[in-house]
Amino acid sequence: MLKQLVVILLSNAIKYASMGTTVDLTLLKRGHMAELRVHNLGNVIPKEEQERIFDRFYRSDTSRSSQGHGLGLAIARNLVRLHHGEISVRSDTANGTTFSATFVLA
């Protein structure tokens, strides 16, 4: 399931990254917590849409021209929840977009 989560987040990051930029994948350990981050520079997700993008079938107006069904991030959220974790997104023009999934280590 965690492999599927990484594939979903990386696929989205690559799909929406600006041409010629990089996609970064980071895994951090902080005490008893692990955090997976996927970052890109590209289309900014408007603040008012940042919670809704995890809803099934939701597609932002800026993403409607690309292929997909609006299920990837909903599946990602469910995978994270099955592991008792949390997923979030931060997106702005200055820093790009970062998806973070945080888990308690066993």
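## A walk through the fold

The chain exposes about 7000 Å², and carbon and sulfur atoms supply 55% of that area. What you have open is a predicted model.

**Stop 1: the whole chain.** Colour by secondary structure to begin. You should find 2 helices and 4 strands, and following the sequence gives the pattern α-β-β-α-β-β. The chain has 106 residues, and 36% of them count as buried. Now consider the contacts with a separation of 6 or more: 55% of these come from residues 24 or more positions apart.

**Stop 2: the nonpolar core.** Next, select Leu5, Leu9, Ile53, Phe54, Ile87, Phe99 and Ala101. The largest nonpolar core has 18 residues, and these are the ones that touch the most other members. Which elements give two or more residues to this core? They are helix 1 (2-16), strand 2 (33-40), helix 2 (72-82), strand 3 (86-92) and strand 4 (96-104). As a general point, nonpolar side chains in soluble globular proteins tend to be buried together.

**Stop 3: Ala101.** Zoom in on strand 4, where Ala101 is found. Is Ala101 buried or exposed? Ala101 is buried, because its relative accessible area is 0%, against a cut-off of under 20%. Show what surrounds it: leaving aside residues up to four places away in sequence, Ala101 touches Leu5, Ala34, Glu35, Leu36, Val80, Glu86 and Ile87. Then try a distance between C-alpha atoms. Ala101 and Leu9 are 92 residues apart in sequence, and 9.9 Å separates them in space.

**Stop 4: the aromatic pair.** The structure holds 1 aromatic pair. Select Phe54 and Phe99 to see it: the arrangement is edge-to-face, with 6.1 Å from centre to centre and 85° between the planes. Phe54 lies in the loop between strand 2 and helix 2, while Phe99 is in strand 4, so the pair ties together parts that are 45 residues apart in sequence. Both rings belong to buried residues: Phe54 has a relative accessible area of 3%, and Phe99 has one of 9%.

**Stop 5: helix 2.** Finally, select helix 2 and show its side chains. Which residues are buried in helix 2? Look for Leu73, Ala74, Ala76, Arg77, Leu79 and Val80. Bring back the surroundings, and you will see that the cover over these buried residues includes helix 1, strand 3 and strand 4. Val80 links back to an earlier stop, as one of the residues in contact with Ala101. Step past the end of helix 2 to His84, whose phi is positive, near 60°.

Definitions and conventions: Residues are numbered from 1 along each chain as its sequence is written. This is a predicted model: local features need pLDDT of at least 70, side-chain atom pairs count only at pLDDT 80 or more; totals for chains, interfaces and linings use all residues. Side-chain values use heavy atoms; hydrogens and water are left out. A nonpolar core is a set of buried Ala, Val, Leu, Ile, Met, Phe, Trp, Tyr and Cys residues joined through side-chain atoms within 4.5 Å. Buried means under 20% relative accessible area, exposed over 50%, partly exposed in between (1.4 Å probe, protein chains only). Contact means heavy atoms within 4.5 Å. Accessible areas come from the Shrake-Rupley method with a 1.4 Å probe; for residues, only the protein chains shown count as cover. Rings of Phe, Tyr and Trp (its six-membered ring) pair if their centres lie within 6.5 Å; planes under 30 degrees apart count as stacked, over 60 as edge-to-face and the rest as tilted.
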